[in-house]
Amino acid sequence: MSGSLGHEIDRLASVIAARSEAGDGAQSYTASLLAKGPGHCARKFGEEAVEAVVAASERDASAVTAEAADALYHLLVLLRAVGASPDDVAAELDKRQGVSGHAEKAARSASKED
């Protein structure tokens, strides 16, 4: 059996960091994505997320799994592109622990109205 999702995310984030620092877009898909900037990375993440939604609507668990892996990779690239990290996401999730999803969403909506 493979490692936990958290372990795999940490491993993948490390690979993305190493490839972004190598900076050779000709040799690395990751580096080529990052070289195109956060907007491009965001669009690629969006494409993969839509593909996951389509697979889910078709109730194809295998395809959802594959598309989720693609979406997670592109999300990690996007985080790197904007200077955020999986640890930043974990900290945000930790802040939300014990807060109902409805209450958390209402608080975000209220702060946008200010």
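**Close-up views of a helical predicted model**

**View 1. Helices H3 and H4 pack against each other in this predicted model.** Helix H3 (residues 38-57) meets helix H4 (residues 61-82) at an angle of about 160 degrees, and their axes lie 8 Å apart. Since angles over 145 degrees count as roughly antiparallel, H3 is therefore roughly antiparallel to H4. Their crossing is left-handed. On the H3 side, look for Pro38, Cys41, Ala42, Lys44, Phe45, Glu48, Ala49, Glu51, Ala52, Ala55 and Ala56. Facing them from H4 are Ala63, Val64, Glu67, Ala68, Asp70, Ala71, His74, Leu75, Val77, Leu78, Ala81 and Val82. Sorted by class, the contact of H3 with H4 holds 17 nonpolar, one polar and five charged residues.

**View 2. Arg59 sits in the loop between H3 and H4.** Here is a backbone detail worth a pause: Arg59 has a positive phi of about 55 degrees, although it is not a glycine. Most residues other than glycine have a negative phi. The relative accessibility of Arg59 is 78%, so this residue counts as exposed.

**View 3. Helices H1 and H4 cross at roughly 50 degrees.** The axes of helix H1 (residues 5-22) and H4 come within 10 Å, and the two helices are therefore oblique to each other. This crossing is right-handed. H1 contributes Leu5, Ile9, Leu12, Ala13, Ile16, Ala17, Ser20 and Glu21 to the contact, while H4 offers Leu72, Tyr73, Leu76, Val77 and Arg80. By class, the contact of H1 with H4 comprises 10 nonpolar, one polar and two charged residues.

**View 4. The largest nonpolar core has nine residues.** You can pick out Ile16, Leu33, Leu34, Cys41, Tyr73, Leu76, Val77, Leu78 and Leu79. The elements giving two or more residues to this core are H2 and H4, and H4 supplies the largest share, with five residues. In soluble globular proteins, nonpolar side chains tend to be buried together. Follow Leu79 a little further: beyond residues up to four places away in sequence, Leu79 touches Ala84, Ser85, Pro86 and Val89.

**View 5. Thr30 is a buried residue of helix H2.** Helix H2 spans residues 29-35. With 4% relative accessibility, Thr30 falls under the 20% limit and so counts as buried. Leaving aside residues up to four places away in sequence, the neighbours that Thr30 touches are Ile16, Arg19, Tyr73 and Val77. Among them, Ile16, Tyr73 and Val77 may be familiar from the previous view, as they belong to the largest nonpolar core.

Technical notes: Residues numbered from 1 in each chain as written. Predicted model: local features only at pLDDT ≥ 70, side-chain atom pairs only at ≥ 80, totals over all residues. Heavy atoms only, no water. Axes fitted to C-alpha atoms, helices over the stretch in contact; angles between N-to-C directions. Helix = DSSP H or I, 4+ residues; strand = E, 2+ residues; numbered from the N terminus. Parallel < 35°, antiparallel > 145°, perpendicular 65-115°, else oblique. Left-handed = near helix turned anticlockwise from the far one by under 90°. Contact = heavy atoms within 4.5 Å. Nonpolar A, V, L, I, M, F, W, Y, C, P; charged D, E, K, R; others polar. Buried < 20%, exposed > 50% of the residue type's maximum accessible area, 1.4 Å probe, protein only. Core = buried A, V, L, I, M, F, W, Y, C linked by side-chain atoms within 4.5 Å.
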